[in-house]
Amino acid sequence: MPLPDLDDLIAEVDRTCDTAHRAATSQEQPDWLALLTTAAGVAGQLQALADDLVEDYVEHCRMHGHSWTDVGAALGVTRQAVQQRFQAPHKRYGPETMTDDLRLAMTHVKRVAVQHRNNYIGTEHLLWGLTAGTNSATRLLRSLEVSPDDIHRAVGARFSVGASQAAERIAWTPYSRRAIAIAEERACAEDGEGAEPLIDCHHLLHGLARTGRGVAATVLAEAGLDLSTL
């Protein structure tokens, strides 16, 4: 996979900066400060993507027994530095936090990851599991005139076969963790105060769409799903 080319990034900044060339007829130079602001935003998005990539592999290293000293050495920093950056624990969502429908969807999620020998649970796995049967997510999609079967086929076509032999220990990607955290927030907002809310399939669908990144968000957008209507 080729890395982004600097010329392409500069062209993207020039194309997306709305205000830089607005007064081009009355001045010789574009608004360089506006272009700089846009360039900084693009650079921030690239940095966030890079951070998510490294975080994903740090978690896999820790899951499979490597020490913080090992991880720090691989990254060229001290054990203390890597712990300070990555040690914040990720919340685990057990079956008791989910409805029966979502627990069933999660069995499909794990199965499709194992079948494709993937060593991670990505947003594509989550969306595939949500659309594998009838539940609150598929009913919501149908109410918005989006076919769950079409979504299921579209996301299934994007799976790639990996080389993982450790199917019993699969880590969630940063985007997947973000999606279920949003789903939990959504469940709490719907249920209000009282008993601990259960995360349902439509909550996770909302989380996948609202995350805005990853395969699932792309497939949903291509299917015409509007986050505001969702």
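1. Let's start with Trp68. Leaving aside neighbours within four places in sequence, Trp68 is in contact with Val58, Arg62, Arg79, Val82, Gln83, Phe86 and Gln87. Keep in mind throughout that this is a predicted model. Trp68 belongs to helix 3, which spans residues 68-75. Its relative accessibility is 11%, so Trp68 counts as buried, the cut-off being under 20%. One partner is worth a look on your screen: Phe86 sits 18 residues from Trp68 in sequence, and the two C-alpha atoms are 9.6 Å apart in space.

2. Now move along the chain to helix 7. Just at its N-terminal end, Asn135 acts as a cap: one of its side-chain oxygens lies 2.9 Å from the backbone nitrogen of Ala137. After the helix comes Glu145, which has a positive phi, near 60 degrees. If you are learning to read backbone angles, you could look up Glu145 in the structure above and find that phi for yourself.

3. Ser136 is found in helix 7. Is Ser136 buried or exposed? With a relative accessibility of 13%, Ser136 counts as buried because that value is under 20%. The Ser136 side chain also has a polar partner, the side chain of Asp200, at 3.4 Å. Apart from neighbours within four places in sequence, the residues in contact with Ser136 are Asp101, Asp200, Cys201 and His202.

4. Which residues of helix 7 are buried? They are Ser136, Ala137, Thr138 and Leu141. Several helices help to cover them, including helix 5 (100-115), helix 6 (123-130), helix 8 (148-156), helix 10 and helix 11 (215-222).

5. One of those covering helices deserves its own point. Helix 7 (residues 136-143) packs against helix 10 (residues 201-211) at an angle of about 60 degrees, and their axes are 6 Å apart. Helix 7 brings Ser136, Ala137, Leu140 and Leu141 to this contact, while helix 10 brings Cys201, His202 and Leu205. Sorted by class, the contact has five nonpolar residues, two polar ones and no charged ones. Ser136 therefore turns up twice in our story: Ser136 counts as buried at 13% relative accessibility, and Ser136 is one of the helix 7 residues in this contact.

6. Next, the nonpolar core. In soluble globular proteins, nonpolar side chains tend to be buried together. Here the largest nonpolar core has 34 residues, and those with the most contacts inside it are Leu102, Leu127, Leu130, Leu204 and Leu220. The elements giving two or more residues to this core are helix 5, helix 6, helix 7, helix 8, helix 9 (174-191), helix 10 and helix 11. Which helix gives the largest share of this core? That is helix 5, with six residues.

7. For a closer view of the core, pick Leu204, listed among the residues with the most contacts inside it. Not counting residues up to four places away in sequence, Leu204 touches Leu102, Met106, Leu126, Leu130, Ala179, Ile180 and Ala183. Try showing these side chains together on your screen to see how they meet around Leu204.

8. How many salt bridges does the structure hold? There are seven. Side chains of opposite charge can pair when their charged atoms come close. In one such pair, the side chains of Asp100 and Arg103 meet with N and O 2.0 Å apart. Both residues lie in helix 5, three residues apart, about one turn of the helix. Asp100 counts as exposed because its relative accessibility is 55%, whereas Arg103, at 31%, counts as partly exposed.

9. Helix 8 holds another pair. Arg153 forms a salt bridge with Asp150, and their closest N and O atoms are 2.5 Å apart. Because Arg153 and Asp150 are three residues apart in helix 8, about one helical turn separates them. Arg153 counts as exposed at 54% relative accessibility, and Asp150 is partly exposed at 45%.

10. The last pair reaches across the sequence. Arg158 and Glu222 form a salt bridge, with their closest N and O atoms 2.6 Å apart. Arg158 lies in the loop between helix 8 and strand 2 (171-172) and Glu222 in helix 11, so the pair ties together parts that are 64 residues apart in sequence. Arg158 counts as partly exposed at 39% relative accessibility, while Glu222, at 57%, is exposed.

Methods
Residues numbered from 1 in each chain as written. Predicted model: local features only at pLDDT ≥ 70, side-chain atom pairs only at ≥ 80, totals over all residues. Heavy atoms only, no water. Axes fitted to C-alpha atoms, helices over the stretch in contact; angles between N-to-C directions. Helix = DSSP H or I, 4+ residues; strand = E, 2+ residues; numbered from the N terminus. Contact = heavy atoms within 4.5 Å. Nonpolar A, V, L, I, M, F, W, Y, C, P; charged D, E, K, R; others polar. Buried < 20%, exposed > 50% of the residue type's maximum accessible area, 1.4 Å probe, protein only. Polar contact = N/O pair within 3.5 Å; in protein donor to acceptor, adjacent residues only side chain to side chain. Salt bridge = Lys/Arg side-chain N within 4 Å of Asp/Glu carboxyl O. Core = buried A, V, L, I, M, F, W, Y, C linked by side-chain atoms within 4.5 Å.
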